[in-house]
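Hi,

Here is the structure I promised to pass on. Have a look at it first, and my notes on its salt bridges follow underneath.

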Amino acid sequence: MFFKIDRTELDKFIANTKFYKEVKKVNKLYRQELNKISLRLEELQKRKEELNENLAKTLAEKETFKDNIDELLYYTDMANDIAKQAKTIDFAIEEAQEDLTAIKETYFKQYEQALSKDFDEIRKSINPAVSETVEMFRYELLTAIADIHNHISNQFPQEERDTFYTVVFDEKLKKKDYRSSFANSVVPEMMFDNNRLQVTAANYFGARQGHVNVTNPNKNGGEE
């Protein structure tokens with residue numbers, strides 16, 4: 001490998017920086033309130049299930065004592081009482097669900113403000129450094145490619161080319177159908193595989209979204 005990007009500072013940055021501090025603060029407060037309501041809902045649901053079981057048993061008993069008026073009235077009264085309790089619990093469940101919506105409404109704006117602050121922090125930490133670094137990488141990459149090209153080109157200086165051209169482009173040889181197209185470029189362009197090595201818009205936007213959509217040469221026998 002001719003040259004390698006030094007990731008030392010980038011790796012330090014990734015290891016030491018922490019983001020989304022503001023959103024995490026809001027998350028902590030929201031979860032505290034959410035847990036209280038969730039526990040209330042859980043207990044209400046549990047009690048409702050117990051009441052439903054009791055109601056089913058009471059109605060079954062009521063059927064058994066249809067011919068005994070006192071028992072019939074007793075179980076009918078008990079069933080009515082359970083139904084009232086169930087209705088009260090349904091109302092309490094509905095209130096708890098409304099409370100859930102209410103705290104989400106309360107925290108919605110807080111999340112919006114927190115995320116905005118976190119984004120500002122991320123941009124301040126990353127944007128200038130990334131822009132400057134990518135600009136430098138671009139310059140160094142293109143400089144390296146140009147250096148390689150110029151090195152190859154300089155190996156075939158003009159005086160050597162002139163001698164070479166006197167033969168391959170000789171007019172008399174052309175008339176004899178000697179084809180000189182092979183000599184139109186004396187520095188092989190195949191050294192730089194443009195279609196494979198160029199950074200496309202798709203590559204760039206893929207990287208911005210967190211994934212690299214080009215082959216890793218290290219997995220094909222390259223150096224780590």
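Let me start with D99: its relative accessibility is 30%, so this residue counts as partly exposed. Keep in mind while you browse that this is a predicted model.

The partner of D99 is R40, and their side chains form a salt bridge with N and O 2.9 Å apart. R40 sits in helix α2 (residues 21–64) while D99 belongs to helix α3 (residues 69–154), so this pair ties together parts that are 59 residues apart in sequence. R40 is partly exposed too, at a relative accessible area of 35%.

The next pair stays within one helix. K12 and E9 are both in helix α1 (residues 8–16), 3 residues apart, which is about one turn of the helix. Their side chains meet in a salt bridge, at 3.5 Å from N to O. How exposed are the two? E9 has 55% relative accessibility and counts as exposed. K12 comes out at 43%, so it is classed as partly exposed, because exposed needs over 50%.

Then there is R179, which makes a salt bridge with D177; here the closest N and O atoms are 3.8 Å apart. That still makes the cut, because the limit is within 4 Å. Both R179 and D177 are exposed.

And how many salt bridges are there by this rule? The count is 10, and the pairs I went through, including R40 with D99, are just some examples to get you going.

Cheers

Note on methods. Residues are numbered from 1 along each chain as its sequence is written. This is a predicted model: local features need pLDDT of at least 70, side-chain atom pairs count only at pLDDT 80 or more; totals for chains, interfaces and linings use all residues. Side-chain values use heavy atoms; hydrogens and water are left out. Helices (H or I, at least four residues) and strands (E, at least two) are DSSP runs, numbered from the N terminus. Buried means under 20% relative accessible area, exposed over 50%, partly exposed in between (1.4 Å probe, protein chains only).
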